[in-house]
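Student: I am new to this structure and should like to be guided through it by question and answer. May we begin once it is in view?

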Amino acid sequence: MTKAIIYCRVSTEKEAQETSIKRQQEELQLFANKYHFEIINIIEEKQSGYEIEREGIFEMLESFQNGNADTLLIQDETRLGRGNTKIALLHQLNRLKVNIYTLSHQGELQLSEGDSMVLQIVSIVEEYQRKLHNAKIKRGMKKAVSNGFNPAENLSNQHLAKGRERKEFPIEEVVRLKGNNLTFQEIASVLRGMGYDVSKATVHRRYQEYQSLEN
């Protein structure tokens with residue numbers, strides 16, 4: 001059976017809004033029964049739709065991320081959010097492959113042409129950012145290998161990059177790669193390719209620490 005979350009929202013604490021949120025809940029419960037959805041949670045919020053930092057939203061997304069549910073039931077898309085907040089949440093729900101049903105459509109959410117276009121653009125930009133990030137890592141690795149770096153010699157050290165408050169990585173490799181005229185950005189890319197989640201700033205700072213100790 002499809003596991004669903006009911007999400008209801010109003011913008012203020014006014015008495016009329018209290019009636020509205022209860023009506024949303026009742027109608028969505030009937031809607032869920034119609035489609036034989038199993039309701040695992042009902043979330044109610046009284047906050048502006050332009051505000052993205054809502055406890056109910058965090059709770060909802062966490063349930064979807066953990067696989068506790070796969071379907072969202074809302075009165076209409078404005079209950080989810082408004083403006084950029086709505087687009088951001090729709091994009092996140094799409095990434096999580098969440099099915100969205102609305103009372104206004106009496107079925108699955110039908111996005112407007114404008115919203116659909118914006119979401120496509122956001123997805124394209126995100127994909128190209130990922131490709132660019134991977135290309136930078138690949139470029140840094142190629143340059144390091146051409147300068148004598150052997151990644152096979154460092155595979156046994158990958159576990160050091162996890163679970164430490166102070167990130168550990170082979171400073172000797174940083175020094176050697178710096179000596180081969182790689183930039184700190186390129187060195188950070190090489191280290192990430194080895195499994196060390198470090199930034200350019202961290203690599204630069206640790207290199208400066210090493211240099212001060214040597215001097």
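The exchange below treats the sheet, the nonpolar cores, a pair of helices and several single residues.

Tutor: Please bear in mind throughout that this is a predicted model. Let us start with the sheet.

Student: In what order do the strands of the open sheet stand?

Tutor: The sheet is built from 5 strands, and their pairing is mixed. One parallel pair is β3 with β4 (residues 99-102), joined by 4 bridges. An antiparallel pair is β4 with β5, held over 2 bridges. The order across the open sheet is β2-β1-β3-β4-β5.

Student: Which strands stand at the edges of this sheet?

Tutor: An edge strand has a single partner strand, so one side of that strand is left without a neighbour in the sheet. The strands at the edges are β2 (38-46) and β5.

Student: Which helix packs on the sheet, and what angle does its direction make with that of β1?

Tutor: The helix is α1 (residues 15-34), which touches β1, β2, β3, β4 and β5. Its direction and that of β1 make an angle of about 160 degrees.

Student: Which residue is the bridge partner of Tyr-101 in β5?

Tutor: Tyr-101 belongs to β4, where it stands opposite Leu-73. In β5, a strand that covers residues 107-108, the bridge partner of Tyr-101 is Glu-108.

Student: Which residue in the hairpin of β4 and β5 takes a positive phi?

Tutor: The hairpin has 4 residues between its strands. The phi in question is near 50 degrees, and the residue that takes it is Gln-106.

Student: Is Glu-108 buried, partly exposed or exposed?

Tutor: Setting aside residues up to four places away in sequence, Glu-108 touches Ile-100 and Tyr-101. Its C-alpha is 13 Å from that of Ala-4, although 104 residues separate the two in sequence. Because its relative accessible area is 42%, Glu-108 counts as partly exposed.

Student: Let us turn to the interior. Which elements give two or more residues to the largest nonpolar core?

Tutor: This core holds 19 residues, and those touching the most other members are Met-60, Phe-64, Leu-72, Leu-80 and Leu-93. The elements that give two or more residues to this core are β1 (3-10), α2 (55-65), β3 (71-74) and α4.

Student: How many residues make up the second core?

Tutor: This core is separate, and its members include Ala-144, Phe-169, Met-194 and Tyr-196. The number of its residues is 18.

Student: What is the relative accessibility of Leu-72?

Tutor: Leu-72 is found in strand β3. Apart from neighbours within four places in sequence, its contacts include Ile-5, Met-60, Phe-64, Leu-80, Leu-93 and Val-98. Leu-72 counts as buried because its relative accessibility is 0%.

Student: How far apart in space are Leu-72 and Val-175?

Tutor: The two residues lie 103 places apart in sequence. From C-alpha to C-alpha, their separation in space is 52 Å.

Student: At roughly what angle do the axes of α4 and α5 cross?

Tutor: Helix α4 spans residues 83-95 and helix α5 spans residues 113-146. Their crossing is right-handed. The two axes come within 10 Å of each other, and the crossing angle is roughly 65 degrees.

Student: How do the residues of this contact divide into nonpolar, polar and charged?

Tutor: From α4 come Lys-86, Ile-87, Leu-90, His-91 and Arg-95. They meet Asp-115, Val-118, Leu-119, Val-122, Ser-123 and Glu-126 in α5. The division of the residues is 5 nonpolar, 2 polar and 4 charged.

Student: Is Thr-85 buried or exposed?

Tutor: Thr-85 lies in helix α4. Beyond its neighbours within four places in sequence, Thr-85 is in contact with Gly-49, Tyr-50, Glu-51, Ile-52 and Arg-54. Because its relative accessibility is 8%, Thr-85 counts as buried.

Student: Finally, what is the relative accessibility of Glu-77?

Tutor: Glu-77 has its place in helix α3 (residues 77-80). Leaving out neighbours within four places in sequence, its contacts are Lys-86, His-105, Leu-109, Gln-110 and Asp-115. Glu-77 counts as buried, because its relative accessibility is 14%.

How values were computed: Residues are numbered from 1 along each chain as its sequence is written. This is a predicted model: local features need pLDDT of at least 70, side-chain atom pairs count only at pLDDT 80 or more; totals for chains, interfaces and linings use all residues. Side-chain values use heavy atoms; hydrogens and water are left out. Axes are lines fitted to C-alpha atoms, for helices over the stretch in contact, and angles run from 0 to 180 degrees between N-to-C directions. A crossing is left-handed if the near helix is turned anticlockwise from the far one by less than a right angle, and right-handed if clockwise. Contact means heavy atoms within 4.5 Å. Ala, Val, Leu, Ile, Met, Phe, Trp, Tyr, Cys and Pro count as nonpolar, Asp, Glu, Lys and Arg as charged, and the others, Gly among them, as polar. Buried means under 20% relative accessible area, exposed over 50%, partly exposed in between (1.4 Å probe, protein chains only). A nonpolar core is a set of buried Ala, Val, Leu, Ile, Met, Phe, Trp, Tyr and Cys residues joined through side-chain atoms within 4.5 Å. Two strands pair if DSSP finds at least two bridges between them.
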